[in-house]
Amino acid sequence: MKKSISVIIMAASLAMALTACGAASDDVKRIEKDSVSAADTVSGETKDSEPVTENSQPKEDTASSASVEGYVYHAETNAGSIDVSVDMPMDTVLAALGDSDSYFEAKSCAFDGLDKMYTYGHFEIDTYPGETGDMVSAVYLTDDLTGTPEGLYIGSSKEDMEKLYGTDYEVNGNEYTYKSGDMSLKIQITNDKVSYITYASKVLGTVAGN
């Protein structure tokens with residue numbers, strides 16, 4: 001189930017990243033972490049799959065939610081952790097989280113440069129090219145092993161969502177959108193359960209013409 005949810009979310013994020021394109025660009029690059037060195041392997045498991053233990057706690061946050069506006073996602077890897085908000089510099093995020101498990105890039109149809117996708121264990125971060133570098137356009141939670149700082153997870157109920165965020169949302173089909181400044185928290189409800197959670201920048205709506 002978790003794998004199928006991740007596939008659906010990845011497909012959705014690819015579609016969002018290429019919304020302005022009539023077809024996918026030929027200028028596409030994908031990098032997967034298919035191989036690891038012996039130093040990164042312990043008892044047949046990679047470091048990325050190891051649980052966080054007392055001796056392998058993530059580093060302290062390198063950024064605080066106090067410096068950003070709107071809803072934020074608290075991202076954690078073995079390398080570190082950071083509060084990620086849309087429209088923040090991706091360089092800051094990478095410095096805290098380290099290398100992603102997989103990477104995808106394609107020529108942007110809406111901006112001058114590349115749209116990029118960084119996939120980590122339980123979440124994905126997409127970017128768009130800004131004037132001063134790559135900026136976060138969206139954060140996707142890809143399974144139920146991570147959740148929002150407020151306590152919402154894939155699999156939570158609609159009632160849980162409303163208790164945490166209220167009822168001041170916009171509805172489009174089975175997608176519920178909470179807006180805060182120039183960003184949106186998008187939550188899809190399927191059979192009364194949360195099926196995806198996305199933090200989205202206003203630039204995505206601009207690209208889609210909304």
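**Exercise 1. A polar contact of Asp-83**

Task: In this predicted model, determine which side chain makes a polar contact with the side chain of Asp-83, and state whether Asp-83 is buried or exposed.

Solution:
- Step 1. The partner is His-74, whose side chain is in polar contact with that of Asp-83 at 2.7 Å.
- Step 2. Asp-83 is located in strand 5.
- Step 3. The relative accessible area of Asp-83 is 11%. Buried means under 20%, so Asp-83 is classed as buried.

**Exercise 2. Salt bridges**

Task: State how many salt bridges the whole structure holds, and describe those formed by Asp-134, Lys-163 and Lys-179.

Solution:
- Step 1. A search of the whole structure yields five salt bridges.
- Step 2. Asp-134 pairs with Lys-116, and their closest N and O atoms are 2.8 Å apart. Because Asp-134 belongs to strand 9 (residues 133–141) and Lys-116 to strand 7 (residues 114–119), this pair ties together parts that are 18 residues apart in sequence. Both Asp-134 and Lys-116 are buried.
- Step 3. Lys-163 pairs with Glu-159, with 3.6 Å between the closest N and O atoms. Both residues lie in helix 3, four residues apart, which is about one turn of the helix. The relative accessibility of Lys-163 is 65%, and this residue therefore counts as exposed.
- Step 4. Lys-179 pairs with Glu-170, again with a closest N and O separation of 3.6 Å. Lys-179 is exposed, as its relative accessible area is 54%. Glu-170, at 44%, is partly exposed.

**Exercise 3. Aromatic pairs of Tyr-165**

Task: Classify the pair of Tyr-71 and Tyr-165 and the pair of Tyr-165 and Tyr-178, and locate the residues in the chain.

Solution:
- Step 1. A pair of aromatic rings is described by the distance of the centres and the angle of the planes. The structure contains nine aromatic pairs.
- Step 2. For Tyr-71 and Tyr-165, the centres are 5.5 Å apart and the planes are at 80 degrees. An angle over 60 degrees counts as edge-to-face, and the pair is assigned accordingly.
- Step 3. This pair links distant parts of the chain, 94 residues apart: Tyr-71 is in the loop between strand 3 (45–46) and strand 4 (73–76), and Tyr-165 is in helix 3 (residues 158–165).
- Step 4. Tyr-165 has a relative accessible area of 10% and is therefore buried.
- Step 5. The rings of Tyr-165 and Tyr-178 have a centre distance of 5.4 Å and a plane angle of 45 degrees, so this pair is tilted. Tyr-178 lies in strand 11 (residues 175–180), 13 residues from Tyr-165 in helix 3. Tyr-178 is buried, as is Tyr-165.
- Step 6. Tyr-71, Tyr-165 and Tyr-178 belong to one aromatic cluster, together with Tyr-169 and Tyr-176.

**Exercise 4. Positive phi angles**

Task: For Asp-87 and Asp-192, give the approximate phi angle, the place in the chain and the accessibility class.

Solution:
- Step 1. Although Asp-87 is not a glycine, its phi is positive, at about 70 degrees. Asp-87 is in the loop between strand 5 (81–84) and helix 2 (90–97). With a relative accessibility of 27%, Asp-87 is partly exposed.
- Step 2. Asp-192, likewise not a glycine, has a positive phi of about 65 degrees. Asp-192 is in the loop between strand 12 (183–190) and strand 13 (193–201). Its relative accessible area is 45%, so Asp-192 is partly exposed.

Methods. Residues numbered from 1 in each chain as written. Heavy atoms only, no water. Phe/Tyr/Trp six-rings, centres within 6.5 Å; stacked < 30°, edge-to-face > 60°. Helix = DSSP H or I, 4+ residues; strand = E, 2+ residues; numbered from the N terminus. Buried < 20%, exposed > 50% of the residue type's maximum accessible area, 1.4 Å probe, protein only. Polar contact = N/O pair within 3.5 Å; in protein donor to acceptor, adjacent residues only side chain to side chain. Salt bridge = Lys/Arg side-chain N within 4 Å of Asp/Glu carboxyl O.
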